[in-house]
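This report describes the fold of one protein chain for a reader who is new to structural work. Please keep the sequence and the structure in view while reading.

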Amino acid sequence: MMSDVMIVGAGPAGLAFARGLAGAGLSVAVIERQPRAALADPPDDGREIALTHRSVATLRALDAWRRIDPAVVAPLRVARVLDGASRFALAFEPGPGAQDRLGQLVANHHLRRALFAAADGQAGLTLHTGAGVAAVERDADGIAVTLADGRRVRARLLVAADARFSATRAALGIAARETRLDRTMLLVRATHDRDHGQVATEWFDYHQTVALLPLAGRCTSVVLTVRPGDAGRIAALDPAALSAELTRRTGGKLGMMRPVGAVHAYPLATVWSTHFAAPHAALIGDAAVGMHPVTAHGFNLGLRSAAALAGLVRHAAARGGDIASPRLLRRYEAGHRLAAGPLFAATAGIVRLYTDAGPVARIARPTLLRVAAGLSPLRAGVAHLLMRH
C-alpha cells in the first residue's frame, strides 16, 4: 500500500501532524501499536499539560480545541519559583495589555481524545492500529515499513512521532543523546483546604522538586521529582499515609493534601536527536526532542514541530513539489533546531543548578532568583516565553 505520508505514532504530535495535512490532497497513513479503542478513549495517565496561547491557537486551527469540555480546562494565571526553605518567590505573570493568564492546564488524555476525534474520518487518512514497526527500508522513491503483523506500508515521506525512545528513529540510523537522570516523577491529584488562586508553583527543595499545578476548584496536580527508591516507597503508601506525605513534602502551603485517584510514576530522561531529518524522513515531537518536564514545554514544543512540518509539506503539495525533498527537510530541521535548542539548553542548565545539593549551588540559587526578580525585562521575557512558545 502506497501513501504520500506515513506517520509512526498516534500520540499528540503524530495526530496533530496528520490533522495539519487535512485538505492538502495527500494520502496519509498513521501507524500505531495501540488498539483503536485506546486512541478513541485514552486512559488518564496523570499528566496535566500547561498549554501556551500558541498551542491553544494551533489546537483551534486543527479543530481539536472545541472538542474539549471547558469544564476540564483550568486557567494558569501566575507561575512562582521557590528555592529551598526561603520564603522569597520569583513570580511570572502576564504583563500589561496581555491576556489574563499565562496559559491553560488540560489533562493529557483529554487532549489526546480531542486530537483523535478531529483526525478520525479525515479524507485520505488510513489508520493502521494494533502493531508496531518491525522493519524500515528506504530506496530512491521513498520508505517502506513492515509491521509486526506482516502488513507493509510505503510512503514518499515517513514522519516518526513514536516517543522519545523512538524505535523508528533508530531504524532510520539517526542517533540521539539520551540522558537518564536517576530521578522519577510522581504525579497525583489532590484536594486541599486553601485556595490555590490559579497560581502554579515550582519549588526546588533539596533532594526533591515539587510542582503544584492548579486545577478546577480546590484541586491541584502534585508533581514530585525524587530518587527512584523514594518514588517506589511513596507510590506504595495507603491513602492516609500518602495524604500526610504530600502535605509534608509541599510544606503545608495549601493545607492538608488529600490524594484523588492513582499515583503515576515516570522515570526521567531527556533526549536530543543528532538530526531531525534524514532522506525521505523527519522526526517530530519527543522523537526529535525529549524535554525535561521542569519548564512544562515538552507538549508545546512537540505541537510546534508538527505544525511547522505540516506547513512545509502543505506548501510543497500545493505547488506540486516534492513533499520529501532534501531542501524541505533541511528547512524543517534548521527551523526546529532554532526553536528547540535554546529552550533545551536552558532547561538542562536549570535542572543542573537546582538538583545540585552542593554548597556552591545552594548559595547561587537564591542569589540568581533575586537578581532575576530585579530585572523586569527578564521576567517579562520569560513570561512571554511561557505564554507564546
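Which residue in β7 stands opposite Ala74? The residue is Leu105. The model in which this pairing appears is a predicted one.

## The chain as a whole

The protein chain contains eleven helices and 19 strands. Of its 389 residues, 52% are buried. Among contacts between residues at least 6 apart in sequence, 72% join residues at least 24 apart.

## An open sheet of three strands

Strands of a sheet pair through backbone hydrogen bonds, and this pairing is either parallel or antiparallel. One open sheet in this model has three strands in the order β3-β7-β4, and its pairing is antiparallel. The strands β3 (48-51) and β4 (74-76) stand at the edges with a single partner strand each, so one side of each has no neighbour in the sheet. On average, and with direction ignored, neighbouring strands of this sheet are turned by 30° against each other.

The pairing of β4 with β7, which covers residues 103-107, is antiparallel and extends over three bridges. The position of Ala74 opposite Leu105, raised at the start, belongs to this pair of strands.

## Helix α4

Helix α4 (residues 108-119) lies across β3 and β7, and it runs at about 85° to β7. The helix has twelve residues and reaches 17 Å from its first C-alpha to its last, which is close to the 16 Å expected at 1.5 Å a residue. After α4 comes Gly121, which has a positive phi near 85°.

Is α4 largely enclosed by the rest of the structure, or largely exposed? Nine of its twelve residues are buried, so the helix is largely enclosed by the rest of the structure. The buried residues of α4 include the leucines Leu111 and Leu115, together with Phe116. Asn108, His109 and Arg112 are also among them, as are Ala114, Ala118 and Ala119.

## The strands around β11

Strand β11 (residues 152-160) pairs with β1, β10 and β18. With β1 (residues 2-8), the pairing is parallel and runs over six bridges. With β10 (residues 142-147), the pairing is antiparallel and runs over four bridges. Ala155 of β11 is a bridge partner in both cases: it is paired with Ser3 and also with Ile143. The hairpin of β10 and β11 has four residues between the strands, and in this hairpin Gly150 takes a positive phi near 95°.

Strand β18 (residues 281-283) runs parallel to β11 and is joined to it by three bridges. Here Leu158 stands opposite Ala281.

## Strand β5 and its partner

Strand β5 (residues 78-83) has six residues, and because five of them are buried, the strand is largely enclosed by the rest of the structure. Strand β5 pairs with β13 (residues 199-205) in the parallel sense over six bridges. Within this pair, Leu82 stands opposite Trp203.

## The second largest pocket

Which helices each supply at least two residues of the lining of the second largest pocket? They are α8 (298-318) and α9 (326-355). About 180 Å³ of space lies in this pocket. Its lining includes Leu312, His315 and Ala316, as well as Arg319, Gly321 and Asp322. The remaining lining residues are Ser325, Arg327, Leu328 and Arg331.

Conventions
Residues numbered from 1 in each chain as written. Predicted model: local features only at pLDDT ≥ 70, side-chain atom pairs only at ≥ 80, totals over all residues. Heavy atoms only, no water. Pairing = 2+ DSSP bridges. Axes fitted to C-alpha atoms, helices over the stretch in contact; angles between N-to-C directions. Contact = heavy atoms within 4.5 Å. Expected span 1.5 Å × (residues − 1). Buried < 20%, exposed > 50% of the residue type's maximum accessible area, 1.4 Å probe, protein only. 1 Å grid on protein atoms, 1.4 Å probe; cavity = no way out; pocket = protein on both sides within 12 Å on 5 of 7 lines; lining within 4 Å. Points joined across faces, edges and corners; volume = space filled by probe spheres on them.
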